[in-house]
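User: Could you take a close look at one part of this model for me? I'd like to understand how a helix there sits against its surroundings.

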Amino acid sequence: MSATARPRSRIQQRNREVILDAALEVFSAHGFRGATLDQIAEVAGLSKPNLLYYFPSKEAVHKALLTGLLDTWLDPLRAMDPAGDPLAEILAYVRRKLDLARDYPRESRLFAGEILQGAPRMREAIEGDLRALVTDKAAVLTRWMEEGRIARVDPVHLIFSVWALTQHYADFDVQVRAVLGPGHDPFAEAGGFLDTLFTRLLKPDP
């Protein structure tokens, strides 16, 4: 918002949030190409002209969603403390990512859909903020490895593996639940499994 722009009223802020939540529902169900402004307006309970007052196009709504989502997605990695115990910090990161997959499944599927399309609306952010953060945390992981505090593995691929093994439970929720069958909590079971997996993987040689 520019220095001269008026601050949004409470109603304006609420309407923006209603529109973005409706858009998340529509985009996560139909993808960017299949979603329409008419669908978003209907789910939001607003007229299309009212929606266009806040967002001039479908692309603008989608970009606003993805911008907020990327910050949410980066926060768990940002929280990894270079001064902490290495294994505890990595396991805490895994748990935060698994919690994110559990609590924000629509957002996870929206992000995955954008990436599968070649990230046309997120490439700049991925090559900028995301890459810079991964580079920074990979350096922390490398230092811990050089100090002998965790086993040596490729640090960037370690981060990729955390993404793959946590977001899978949101992006492939139907498949996971169908295979596990009734009476299972995928996220609770995954938490214990991933703790064991990464503990064994990263335990330093005696």
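Analyst: Happy to; what follows starts with the whole chain, then turns to helix 2 and on to one of the helices that cover it.

This is a predicted model. The chain has 10 helices and zero strands, and its C-alpha atoms fill a box of roughly 65 × 50 × 30 Å along the principal axes. Of the 206 residues, 37% are buried. Among contacts with a separation of 6 or more, 66% join residues 24 or more positions apart.

Now to helix 2, which spans residues 37-44. Its buried residues are L37, I40, A41 and A44. They lie on the same side of helix 2, because the arc they cover around the axis is only 100°. In general, an α-helix has 3.6 residues a turn, so residues three or four places apart point the same way. The cover over these buried residues includes helix 1 (10-34), helix 3 (48-54) and helix 4. Just after helix 2 comes G45, with a positive phi of about 75°.

Helix 4 (residues 58-78) also packs against helix 5 (residues 86-103), at an angle of about 160° and with the axes 8 Å apart. That angle makes the two helices roughly antiparallel, because it is over 145 degrees. The crossing of helix 4 with helix 5 is right-handed. On the helix 4 side, the contact is made by T72, W73, P76 and L77, and on the helix 5 side by Y93, R96, K97 and L100. By type, the residues of this contact are five nonpolar, one polar and two charged.

Technical notes: Residues numbered from 1 in each chain as written. Predicted model: local features only at pLDDT ≥ 70, side-chain atom pairs only at ≥ 80, totals over all residues. Heavy atoms only, no water. Axes fitted to C-alpha atoms, helices over the stretch in contact; angles between N-to-C directions. Helix = DSSP H or I, 4+ residues; strand = E, 2+ residues; numbered from the N terminus. Parallel < 35°, antiparallel > 145°, perpendicular 65-115°, else oblique. Left-handed = near helix turned anticlockwise from the far one by under 90°. Contact = heavy atoms within 4.5 Å. Nonpolar A, V, L, I, M, F, W, Y, C, P; charged D, E, K, R; others polar. Buried < 20%, exposed > 50% of the residue type's maximum accessible area, 1.4 Å probe, protein only. Arc of directions from axis to C-beta.
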